Number of protein chains: 2
Amino acid sequence: MRTHYCGQVSSPIIGQEVTLCGWAHRRRDHGGVIFVDLRDREGLAQVVCDPDRPLMFKTAESVRSEFCLRISGKVRARPEGTVNAHIASGEVEILCHEMEILNPSVTPPFQIDEENLSENIRLLHRVLDLRRPQMQQNMQLRYRTARAFRRFLDDAGFIDIETPMLTKSTPEGARDYLVPSRVHPGQFFALPQSPQLFKQLLMIAGFDRYYQITKCFRDEDLRADRQPEFTQVDIETSFMNEGEIIALMEELIRVVFREAIGADLPNPFPRLPYGEAMDRYGSDKPDLRVTLELADLTDALKDVSFKVFASVANSDGGRIAALRIPGGASLTRGEIDAYTQFVGIYGAKGLAYIKVNDATQLNESGLQSPIVKNLHALALQTVVERTGAQSGDLIFFGADKRKVVNDALGALRVKIGHEKGFLNGHSWEPVWVVDFPMFDYDEEEKRWTACHHPFTSPKDEHLPLLETDPGSCLAKAYDLALNGSELGGGSVRIHSAAVQEQVFKALGIGDEEAALKFGFLLDALRYGAPPHGGLAFGLDRIVTLLAGADSIRDVIAFPKTQRAQCLLTDAPSSVDEKQLRELHIRLRQKVDTQVEVGKG
Amino acid sequence: MRTHYCGQVSSPIIGQEVTLCGWAHRRRDHGGVIFVDLRDREGLAQVVCDPDRPLMFKTAESVRSEFCLRISGKVRARPEGTVNAHIASGEVEILCHEMEILNPSVTPPFQIDEENLSENIRLLHRVLDLRRPQMQQNMQLRYRTARAFRRFLDDAGFIDIETPMLTKSTPEGARDYLVPSRVHPGQFFALPQSPQLFKQLLMIAGFDRYYQITKCFRDEDLRADRQPEFTQVDIETSFMNEGEIIALMEELIRVVFREAIGADLPNPFPRLPYGEAMDRYGSDKPDLRVTLELADLTDALKDVSFKVFASVANSDGGRIAALRIPGGASLTRGEIDAYTQFVGIYGAKGLAYIKVNDATQLNESGLQSPIVKNLHALALQTVVERTGAQSGDLIFFGADKRKVVNDALGALRVKIGHEKGFLNGHSWEPVWVVDFPMFDYDEEEKRWTACHHPFTSPKDEHLPLLETDPGSCLAKAYDLALNGSELGGGSVRIHSAAVQEQVFKALGIGDEEAALKFGFLLDALRYGAPPHGGLAFGLDRIVTLLAGADSIRDVIAFPKTQRAQCLLTDAPSSVDEKQLRELHIRLRQKVDTQVEVGKG
């Protein structure tokens, strides 16, 4: 039906007859001539409709925004002074000979090039929203990104194998989406949170190198950049160790960034032990573009008379850290108040600080703060030395449970870094975080939980710690962060049934429970399971970064809202009683429902 | 950890040191030497363990089936007379220097090269079953096939765009799998039966050419070659007409077959109108390798005295057809009884036949059958002429409702064709079936139903028939069959809101129901929807054909049984009461459940 895409009409084909299909992006009447900007997925082309072809001109007169058109005409150079350098077809226009209205349009609720639309309006009219050039580009970028992943993995001998969507519910980690079975009354499938166990089974089955770009599901309360269903680039390999997997995967990411947006990432990526990442950046996905760093002071403040510090410094699991802001003495009271409020989000009860008037005077005149008088000279000296404070700086302090301090100062570091320009100037700062602990201690449940997941292998030399000191046991786990976002993570897996049983035991998963939930894995591990490991990348997150988009919803064609709804199709929705009966389920009482609605 | 795959070790690298990882496929002791056939995904390599390296030899002695090993050694030519021409590495062996047991194996429940295992045993031990070379090849073939689809579609400008898995339930067609919403009590998502509406929305959004290889779900009672979740190559394009879409799609299939298995499919594929397909083959996915054809006799038997024929011939919707079996007069009574039983599966109440002793004698001696005396001369002459019967042939008759006759004789045609060798000798016989009717009449519900789906466009010239004579209205729909299997099907879609409303009306879907279920589509169609159409291929089915497998379960890594269960992971399974409470559902009473279990 056409000879070219609109975006392909350019100078080299001046003089040619072309036929285009697309949408009327704008229509202007100017000096008795009608100009239609015709839009398709590749761009815009300017169509000129002269009144000397009355039939065509009459059609052009009836054209409104978003009419679907087919036009034929001759490509010619635009008159001097009307060239548009911003678009590919900006040097030419098409003198229209014929115009056919393939489908008219009612007036759209918004202009396709309108900006600053509310997100609800965009999601409700998603089909029109997707016509916006930015969304067209985002979806094409997503496609190119996935294709770059595939090409690299294909070339590296990885085989794409599909794993099931209707799987077994294993309530570990996040909440499952459940699917009632009709054939087996009272039983349920679960949608996969990841293909983790299946990809391990594929390794045990000897497929050697596997990948899959697949949907995963988590029924969690949604944060800004989460979706109930999300897409994972899932990868697993046999017979490679931690270092080899990391090296191959970072090469993959370099190739993807180069192919998708022409960006050059460093080679190699730096590797940062988890402990160091937390100490220096308060985060296991540090934004290394930001040049600010935390300094640890816990050991130096045990015997100060400032009670808040002393009690934290002497408590189990407490941390005192400082964040030096170069030149920060000039921050206004209002700015400091705002930062104090900001760290409150992360549970910090306050934000102590010292203004460094003169770094050489370790007293209340050189260091301006109500807390200075309660810190002895050695403490003050340590603060200045470890932070590297200079005259004119400001030092923020966090003193609380380790997690609160890390979360609060880690976030403050990034916020101030970007707001005040403490940046190293690099566009992309990838970093591997390695040497994660095997276990986190859950204070509420008084038990160890898996830091990655229960199938992650301990470091060989830490195997004995599984029984004696789980908290010190490190894992062969690795996460890749970029500019403060987690791109993906993975680990070498346990390939020995005996070690897997030990880890289950450390997690308080008894033999019976293990057999019930993971019996098929334990069974498979007994038949010569190969050493294996892998990783999963979050495709939505990666494309969001590549696109420079504000939200992952901008790189998903039909996303859910933060209340897990599709505004376009109105899903979820109620279903027929007959459907529920067939599935052997019923709704809980109305009263229940209403209470829940009220809470929602 | 290795230098080569086992299957890559061959003559050109004789003399080289190699390191291999894999599984002990077989271990033989022969003349004081141990031979281990080491297996990985690329094939087998013979490892020779001489006792002159005692440490290694001791390890080799402890090796049992399915141990996971790493070996190093030197590649050398096999001694004359021991070459194995069946495998890539059959001319060489590796003289083992070092052997490491990466993981031992308990004794497997079956040998990996054992054949004729029951399917339940295979599915229960799927991980080991997948180690079988045939399954390894099937999964690699599936991967190559999907990749060939992607490459062609990438090159043709199609963009892979993901559509949601958690969608709206629209109880048309098959039964939905439902997913209860936690956030919205009493409401449900449905898993997609196909991305049909979303891909149409993507066309309306201007993406022009879309594809996706994606999971679809149907909660139906499973036939031999169905799965609850299956994989579709889903394709849609704008601005192409029926003929252009068909031409592009058959080129796609030719390329896929060439790349996947090196098969050459004809160019072009034949196109067969639906009506003709049913008349001549009794099927809308005819196996054109079979040379037998049906002959229609309905009009010629209206006034015969054989009541069964006359009443069918004069009834609404009845059909009488004949299937000539060349040389079939020699069929035994037992064979004919078996065929009679076979057509019973399709609802045929019997299987009348005539033995053609002498095709020139149109009487009870030339044509041997109890029914001959009740057929007048002209009728007999028509039977012989239309079937082309020769002396020594046999003619089967079907007389019943059109559907019963087509199903019964259509299946009998294929069965006899393959059993008795009435085949044209071609390996692959693709055929487009086109010109489908828009509607089927549902006798029970006394209403028209969509033959493809409600979004299929009528032929332009048949638009007026939507109101006056829906039964005669043909659709811009097309199915691709190959060797009697349906590879895929599609249609040009309705792109006018007005026509879509007319079709809903013809289907008895009122305005309110249409707005509730498909309001978002009707809405989108009003904003300059482009002409568009597409198709979906069944990937599981195509790979099954390419692999020459007996069942689609042999080309799916982790399939469900025909009772929709995963025997490996034991899904579906019961879940915690807490999970149900969070989803605002409860199970129906125990008694209900038990009754249903008894029925299942």
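**Figure 1. A:Arg218 and its surroundings in the predicted model.** With a relative accessible area of 31%, A:Arg218 is partly exposed, and this residue sits in the loop that runs between strand 9 (209-217) and strand 10 (229-238) of chain A. On the surface, A:Arg218 gathers with A:Arg223, A:Arg226 and A:Lys285 in a patch of positive charge.

**Figure 2. Two residues of chain A with positive phi, A:Asn116 and A:Asp435.** A:Asn116, although not a glycine, has a positive phi of about 60°; it belongs to the loop between strand 5 (92-103) and helix 2 (119-124) of chain A and counts as exposed, because its relative accessibility is 81% and the exposed class begins over 50%. A:Asp435, likewise a residue other than glycine, has phi near 55° and is placed in the loop between strand 17 (430-434) and strand 18 (439-442) of chain A, where its relative accessibility of 24% makes it partly exposed.

**Figure 3. Cis peptide bonds in chain B, at B:Pro268 and B:Pro572.** The bond from B:Asn267 to B:Pro268 is cis, with omega near -5°, and B:Pro268 lies in the loop between helix 6 (242-261) and strand 11 (271-273) of chain B. The bond from B:Ala571 to B:Pro572 is also cis, with omega near -5°, and here the proline is found in the loop between helix 15 (539-547) and helix 16 (577-582) of chain B.

**Figure 4. Domains of chain A.** Chain A is divided into domain 1 (6-103), domain 2 (119-267 + 530-599) and domain 3 (290-420), and the C-alpha centres of domain 1 and domain 3 lie 63 Å apart.

Technical notes:
Residues are numbered from 1 along each chain as its sequence is written. Chains are lettered from A and ligands numbered from 1 in the order in which they are written. This is a predicted model: local features need pLDDT of at least 70, side-chain atom pairs count only at pLDDT 80 or more; totals for chains, interfaces and linings use all residues. Side-chain values use heavy atoms; hydrogens and water are left out. Patches are made of residues with over 30% relative accessible area and no salt bridge: like charges are joined within 9 Å, nonpolar side chains (Val, Leu, Ile, Met, Phe, Trp, Tyr) within 5 Å. Accessible areas come from the Shrake-Rupley method with a 1.4 Å probe; for residues, only the protein chains shown count as cover. A salt bridge is a side-chain nitrogen of Lys or Arg within 4 Å of a carboxyl oxygen of Asp or Glu. Lys and Arg count as positive and Asp and Glu as negative; His and the chain ends are not counted. The place of a charge is taken as NZ of Lys, CZ of Arg, CG of Asp or CD of Glu. Helices (H or I, at least four residues) and strands (E, at least two) are DSSP runs, numbered from the N terminus. Buried means under 20% relative accessible area, exposed over 50%, partly exposed in between (1.4 Å probe, protein chains only). Domain bounds come from an automatic or database domain assignment.
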